[in-house]
Amino acid sequence: MFPHHNSTGFGPVNTSQSPYARLKTLEFENVSIKEGFWTKKTNVNRKVSLHFGFEMLEKAGNFNNLRIAAGLIKGNYRGYVFIDSDIYKWLEAVAWEMGREPDK
């Protein structure tokens, strides 16, 4: 088993210590995209998609399901039993974006 290095700047997959991996994981801080196709995509993600995702999760009741589970509000659970996974994926996208470029 290889050491887990997420706390040192590696992403969810770390091949930096693997003797079998041909490509080695770079630390998150050692990668930047300055211009071009992917810069445009990350900017749209940051400025539009993440905000839209929040609005849609709120509208669908996903956040209220968590508020109900936490006892913050009263109500009935809406949607499928696995609907909270949508919030976790959205939070993951937000975390990666904030890791790329912090923002209040």
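Let's start with one residue. Trp38 counts as exposed, because its relative accessibility is 54% and the cut-off for exposed is over 50%. Keep in mind that this is a predicted model.

Trp38 has an aromatic partner. Phe37 and Trp38 pair edge-to-face, with 4.8 Å from centre to centre and 85° between the planes. How many aromatic pairs does a search of the whole structure find? It finds 5.

Here is another of them. Phe63 and Trp90 have ring centres 5.9 Å apart and planes at 80°, so this pair is edge-to-face too. Which parts of the chain does the pair link? Distant ones: Phe63 sits in helix 2, residues 62-69, and Trp90 sits in helix 3, residues 84-100. The two residues are 27 apart. Buried or exposed, Phe63 and Trp90? Both are buried. Phe54 comes in as well: ring pairs tie Phe54, Phe63 and Trp90 into a cluster.

Now the second largest pocket. Its volume is about 190 Å³. Two members of that ring cluster, Phe54 and Trp90, appear in its lining. The rest of the lining is Arg46, Leu50, His51, Val94, Glu97, Met98, Asp103 and Lys104. Which elements give two or more residues to this lining? Helix 1, residues 37-60, and helix 3. By class, the lining holds 5 nonpolar, 1 polar and 4 charged residues.

Next, the segment before helix 1. Asn14 is found there. Asn14 counts as buried because its relative accessibility is 19%, and buried means under 20%. The side chain of Asn14 makes a polar contact of 2.7 Å with the side chain of Ser16.

Last, the whole chain. The secondary structure comes to 3 helices and 0 strands. From the N terminus, the order is α-α-α. The radius of gyration is 18 Å, while the globule rule gives 13 Å for 104 residues. The value is well over the rule, so the chain is more spread out than a compact globule. The C-alpha trace spans about 50 × 40 × 25 Å along its principal axes. What share of the 104 residues counts as buried? The share is 20%. Asn14, Phe63 and Trp90 are among the buried residues.

To recap the rings: Phe37 pairs with Trp38, and Phe63 pairs with Trp90. Trp38 is exposed, whereas Trp90 is buried. Trp90 also helps line the second largest pocket.

Technical notes: Residues are numbered from 1 along each chain as its sequence is written. This is a predicted model: local features need pLDDT of at least 70, side-chain atom pairs count only at pLDDT 80 or more; totals for chains, interfaces and linings use all residues. Side-chain values use heavy atoms; hydrogens and water are left out. Rings of Phe, Tyr and Trp (its six-membered ring) pair if their centres lie within 6.5 Å; planes under 30 degrees apart count as stacked, over 60 as edge-to-face and the rest as tilted. Buried means under 20% relative accessible area, exposed over 50%, partly exposed in between (1.4 Å probe, protein chains only). Helices (H or I, at least four residues) and strands (E, at least two) are DSSP runs, numbered from the N terminus. On a 1 Å grid over the protein atoms alone, a cavity is a set of points where a 1.4 Å probe fits but cannot get out, and a pocket is an open set with protein on both sides within 12 Å along at least five of seven lines; lining residues have an atom within 4 Å of a point. Grid points are joined across faces, edges and corners, and a volume is the space filled by probe spheres set on the points. Ala, Val, Leu, Ile, Met, Phe, Trp, Tyr, Cys and Pro count as nonpolar, Asp, Glu, Lys and Arg as charged, and the others, Gly among them, as polar. A polar contact is a pair of N or O atoms within 3.5 Å; within protein, one must be able to donate a hydrogen and the other to accept it, and residues adjacent in sequence count only if both atoms are side-chain atoms. The radius of gyration is taken over C-alpha atoms; the globule rule is 2.2 Å times the number of residues to the power 0.38.
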